[in-house]
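Good morning, and thank you for making time for this presentation. I shall go through one structure, moving from a helix to a sheet and then to charged pairs.

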Amino acid sequence: MDNLLFYLSLLLTAILLSRLLLSPPPSNKTPPPSPLSLPLIGHLHLLKKPLHCTLAHLSLKYGPVLSLRFGSRPVLLVSSSAAAEECFTKNDIAFGNRPRFLVGKILGYDFTAPAWAPYGDHWRNLRRITTFRVCSTARVNSFSPFWSAEVRSIVKRFFARHRSSIDGGFTKAEIKSVSIDLTFNMVMEMISGKKYHGEGATVSREEAEEFRETFRLVGTSNLEDFMPVLNWMRFMGLEKRLSRLQKRRDAFLEGMIEEHRLKRKTSDASEGVEKRETIIDVMLTLQESDAEYYTDEIIKGVISNLLSAGTDTTAVTMEWALSHLLNNPETLKKAKDEIDTVVGHDHILEESSLPNLPYLHDIIRETLRLCPAGPLLVPRESTEECMVGGYYVPPGTMLLVNAWAIHRDPSLWEEPTKFKPERFQGGGVEGYKMIPFGSGRRRCPGEGLAMRLLGLTLGTLIQCFEWKRVEEEEVDMMEGSGFTMPKEKPLEAMYRPWPSMVDVLSQL
């Protein structure tokens with residue numbers, strides 16, 4: 001018996017030594033910290049609206065790099081500038097993909113639209129088209145006269161309403177609908193040469209709503225994307241809602257494409273020389289050179305992304321900017337004084353004056369800091385393992401970057417919750433302290449376009465009208481729920497024309 005015990009202990013020792021000597025050294029695969037999760041649902045029980053605020057509170061408790069699980073999907077939550085920089089620089093390719101959400105399959109034409117396409121040759125080709133053919137400086141400049149005319153149309157409408165008022169004092173305006181009308185018209189003109197609201201409109205408000213509906217169905221809180229069993233049971237009915245929406249959207253987009261295709265066939269070649277080329281024209285030209293690749297689905301994916309992303313984001317930012325100005329009348333006065341000095345009172349602000357209005361630009365940047373239209377950047381997904389903040393991230397992990405939290409980080413910003421445009425005077429923002437348009441390869445290509453539209457519109461409204469709050473108390477700045485962070489309570493404001501601008505406005 002003693003011999004048996006001896007040989008068993010010797011065998012056990014040999015096995016342990018062989019495992020220690022032959023096995024490779026352990027790799028550093030420490031996962032990020034994580035709150036307690038529940039079976040099946042993971043951390044979904046912790047999520048409350050607005051989502052970016054809930055996630056910011058979790059990061060304050062557990063750290064700026066956090067591991068979560070939304071149902072069956074692993075999630076990396078990043079809430080610091082340093083970690084975001086890691087994701088968008090050395091790990092930019094690793095996080096080059098988008099999660100395969102149901103909305104990307106149905107509304108994104110089976111993940112072929114630019115916003116949803118996986119990182120690869122197809123995405124790179126669409127990115128080049130979007131950057132150099134759709135949002136190029138030359139193309140944006142070609143539509144500048146129309147945008148100026150559209151802003152003047154809104155100003156004219158405000159002025160007419162005021163003149164028809166009984167007492168001639170301040171007139172109430174609902175800003176949200178006006179902002180949406182304006183931005184949708186501007187983007188529609190670029191895409192198709194049409195407008196949907198106001199004089200000369202050829203597209204209905206109902207058709208425009210098809211694209212705004214997208215933002216009520218897109219995001220990271222659709223349970224069916226995280227718990228496949230719910231999708232199988234059709235528990236939330238998301239697939240049916242998306243399919244109905246896509247059927248209507250597709251018919252609308254197909255109609256625009258067919259109309260342009262017919263015009264190109266019937267119009268005289270000489271007529272097209274002076275005609276402004278729309279984005280649909282650009283895409284149809286590409287289709288003529290390679291019909292097999294540039295199918296109608298590819299064209300519809302490109303223009304639907306532009307309509308969906310280019311309207312709500314700009315309109316929401318405009319509403320937040322005016323809300324902040326109403327709560328900070330000294331800032332509003334300073335902006336008005338700058339515009340008066342640079343532009344004067346004998347004509348309405350033109351886009352050529354925007355580079356000479358740095359304080360107006362600072363107001364927009366401060367609005368984007370406090371109220372980024374995408375508080376959580378559009379999710380990405382890792383295709384390979386990587387390290388973020390010293391923690392191991394496996395492939396197939398969804399990346400959520402909380403731009404809202406980074407923009408309010410007290411270690412980066414002095415008085416981070418205060419609206420203070422002066423903080424941007426003297427230069428730009430270094431590093432990844434501000435990322436309202438994302439960063440890296442999948443950074444929003446429409447940043448320049450958005451800044452120009454916001455500057456022209458907000459500057460013109462400040463120049464032409466005196467603004468004040470409806471009530472004495474400050475404007476409610478509560479954030480609502482949605483992909484583009486709308487205001488919980490739509491902004492209403494009182495306005496009247498500046499006496500120095502009445503003659504100019506009367507001539508519109």
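Let me begin with a term that the next statement needs: a residue is called buried when its relative accessible area is under 20%. By that cut-off, α20 is mostly covered, with 15 of its 18 residues buried. From first C-alpha to last, α20 reaches 26 Å, close to the 26 Å expected for 18 residues at 1.5 Å a residue.

I should say at once that this is a predicted model. The pLDDT of the protein chain averages 87, and 85% of the residues score at least 70. Residues 17–26 have a pLDDT below 50, and beyond near neighbours in sequence this stretch has one contact in the model.

As for the overall content, the protein chain holds 21 helices and nine strands. Of its 508 residues, 53% are buried. If we take contacts between residues at least 6 apart in sequence, 75% of them join residues at least 24 apart.

Let me return to the region around α20. Which residue does the UniProt annotation "binding site" cover? According to that unreviewed entry, the annotation covers Cys 444. In the model, Cys 444 lies in the loop between α19, residues 403–407, and α20, residues 447–464. Is Cys 444 buried, partly exposed or exposed? Its relative accessibility is 34%, and Cys 444 therefore counts as partly exposed.

I turn now to the sheet. Four strands form an open sheet in the order β1-β2-β7-β4, and the pairing is mixed. The edges are β1 and β4, the latter at residues 380–381, and each of these pairs on one side only.

Let us follow the sheet inward from β1. Strand β1, residues 65–70, pairs with β2 in the antiparallel sense over six bridges. Within this pairing, Val 65 has Val 78 of β2 as its bridge partner. The hairpin of β1 and β2 has two residues between the strands, and in it Gly 71 takes a positive phi near 60°.

Strand β2 itself spans residues 73–78 and is mostly covered, since five of its six residues are buried. In which sense do β2 and β7 pair? Strand β7, residues 398–401, pairs with β2 in the parallel sense over four bridges. Two bridge partners illustrate this pairing: Val 78 is matched with Val 401 in β7, and Leu 76 is matched with Leu 399 in β7. Val 78 thus has bridge partners in Val 65 and in Val 401. As a general point, side chains in a regular strand alternate between the two faces of the sheet.

The last topic is charge pairing. How many salt bridges does a search of the whole structure find? The search finds 30, and I shall present a few of them.

One is formed by Glu 86 and Lys 90, whose closest N and O atoms are 3.4 Å apart. Lys 90 counts as exposed, because its relative accessibility is 60%.

Another joins Lys 263 to Glu 259, with the closest N and O atoms 3.6 Å apart. How are these two residues placed along the chain? Both belong to helix α13, residues 238–266, and because they are four residues apart there, about one helical turn separates Lys 263 from Glu 259. Lys 263 counts as partly exposed at 39% relative accessibility, and Glu 259 likewise counts as partly exposed, at 28%.

A further salt bridge links Asp 281 and Arg 264, with 3.8 Å between the closest N and O atoms. Here Asp 281 lies in helix α15, residues 279–289, whereas Arg 264 lies in helix α13, so the pair ties together parts that are 17 residues apart in sequence. Asp 281 is buried, because its relative accessible area is 9%. Arg 264, with a relative accessible area of 29%, is partly exposed. Finally, Asp 250, Glu 254, Glu 297 and Lys 300 are joined into one network by salt bridges that share partners.

To close, I would ask you to keep two points in mind for the discussion. The residue under the UniProt annotation "binding site", from an unreviewed entry, is Cys 444, and that residue lies in the loop between α19 and α20. The open sheet runs in the order β1-β2-β7-β4 with mixed pairing. Thank you for your attention.

How values were computed:
Residues are numbered from 1 along each chain as its sequence is written. This is a predicted model: local features need pLDDT of at least 70, side-chain atom pairs count only at pLDDT 80 or more; totals for chains, interfaces and linings use all residues. Side-chain values use heavy atoms; hydrogens and water are left out. UniProt positions are given in the numbering used here, feature names are shortened, and annotations may be inferred rather than shown by experiment. Buried means under 20% relative accessible area, exposed over 50%, partly exposed in between (1.4 Å probe, protein chains only). The expected span of a helix is 1.5 Å times one less than its number of residues. pLDDT is the predictor's confidence in each residue, from 0 to 100. Contact means heavy atoms within 4.5 Å. Two strands pair if DSSP finds at least two bridges between them. A salt bridge is a side-chain nitrogen of Lys or Arg within 4 Å of a carboxyl oxygen of Asp or Glu.
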